[in-house]
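Q: Please take a close look at a single part of this model and follow it outwards to its neighbours. What surrounds it, and how are the pieces joined?

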Amino acid sequence: MILSLLVCLAICASAQKTYVLLTGISKYQERKANLNFSTRDVKELDTIFKKQGFVVTKLTSRYVMRDNISEKVDAIVQLSKPEDTIIFFFAGHGKPGGLVMHDLSLLSYHDLMGMLMQAKAQNIVCIIDACHSGSVASDLKGSYEEWGEEAKQRGISFIMGCRADEYSYEDYLTGNGHFTQALKTGLRGRADGWTSKGPDGTKDNGVTLYELYRHIYDHVTRMTKQYGKVQHPQLIAPRSAYNKIITQWNQ
């Protein structure tokens with residue numbers, strides 16, 4: 001399977017590329033764990049990213065398992081170049097320390113980072129819509145202590161759905177998670193021009209990592225407050241990554 005994926009990705013080869021791996025679980029091995037919109041989140045993001053010309057691979061529900069994720073990441077790692085961008089997205093259940101797979105096993109953030117750090121790409125972004133996802137901060141610190149200063153300076157950027165002690169909520173009105181709904185509108189241009197104080201009116205048709213985060217944070221905190229809930233998305237990234245372009249958009 002990995003050979004066929006490599007062939008498929010190689011066909012799309014160009015000077016500079018963005019590789020996207022989308023994963024989402026609506027149906028778990030145990031039905032009581034099922035979610036409503038994670039698979040839909042993946043399908044809608046697939047459309048958005050493909051319109052940008054990105055190379056997209058997606059896994060949903062029973063296919064979201066550690067071995068499958070590792071296989072897809074390995075294929076991207078083998079093809080990516082230093083100038084490329086890699087985006088990993090997950091929608092589903094989360095626990096402190098990692099992502100809950102289809103069979104309810106845990107893929108730790110440490111192990112996910114280990115997979116992605118094998119790539120030569122200098123711009124790697126993880127976007128996680130899952131409960132307790134802010135716990136990646138403690139994993140990040142421990143991982144970089146293990147891997148050394150070079151790995152820390154290179155880093156991976158994380159936009160996480162909530163703080164370590166919070167939940168990431170679904171929105172029945174939009175049919176997405178609050179976080180993913182904001183991610184979608186941000187990627188389509190609504191995030192362009194956002195600063196720490198809100199949108200400043202400056203638009204250049206490019207959405208940076210920081211602009212995307214600020215748009216998501218504003219939307220999620222505002223919408224969940226309306227429902228009497230609390231959810232604070234988190235940005236965990238080296239300052240050098242803040243102004244890196246995630247996507248371009250056309251008016």
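**Strand S1 and its neighbours**

A: Strand S1 pairs with strand S2 (residues 55-60) over six bridges, and the two run in the parallel sense. Strands here are DSSP runs of E with at least two residues, numbered from the N terminus, and two strands pair if DSSP finds at least two bridges between them. The model is a predicted one, in which local features need pLDDT of at least 70 and side-chain atom pairs count only at pLDDT 80 or more, while totals for chains, interfaces and linings use all residues. Residues are numbered from 1 along each chain as its sequence is written, and side-chain values use heavy atoms, with hydrogens and water left out.

Within the pairing of S1 with S2, Tyr 19 stands opposite Val 55 of S2. S1 also pairs with strand S3 (residues 85-91), to which it is joined by seven bridges, again in a parallel arrangement. In this second pairing, Leu 21 of S1 has Phe 88 of S3 as its bridge partner.

What does this mean for the exposure of S1 (residues 18-24)? Seven of its seven residues are buried (under 20% relative accessible area, with a 1.4 Å probe and protein chains only), so S1 is largely enclosed by the rest of the structure. In a regular strand the side chains alternate between the two faces of the sheet. Both faces of S1 are covered, with Thr 18, Val 20, Leu 22 and Gly 24 buried on one side, and Tyr 19, Leu 21 and Thr 23 buried on the other. Tyr 19, which faces Val 55 across the S2 pairing, and Leu 21, which is partnered with Phe 88 in S3, therefore both belong to that second group of buried residues.

Beyond S3 the parallel pairing continues, since S3 and strand S7 are joined in the parallel sense over seven bridges. Phe 88 of S3, the bridge partner of Leu 21 in S1, stands opposite Cys 126 in S7, and one can thus step from Leu 21 to Phe 88 and on to Cys 126.

S7 (residues 123-129) is itself mostly covered, as seven of its seven residues are buried. Asn 123, Val 125, Ile 127 and Asp 129 point one way from S7, whereas Ile 124, Cys 126 and Ile 128 point the other way, and the residues of both sets are buried. S7 then pairs with strand S8, to which four bridges join it in a parallel arrangement, and in that pairing Ile 127 stands opposite Ile 159 of S8.

At Asp 129, a residue of S7 that is buried, there is also a link to a loop: the side chain of Asp 129 makes a polar contact with the side chain of Ser 168, at 2.5 Å. A polar contact is a pair of N or O atoms within 3.5 Å; within protein, one must be able to donate a hydrogen and the other to accept it, and residues adjacent in sequence count only if both atoms are side-chain atoms. Ser 168 is found in the loop between S8 (157-160) and strand S9 (170-171). The relative accessibility of Ser 168 is 14%, and it therefore counts as buried. The side chain of Ser 168 makes a further polar contact, at 3.2 Å, with the side chain of Gln 231.

Notes. Buried means under 20% relative accessible area, exposed over 50%, partly exposed in between (1.4 Å probe, protein chains only).
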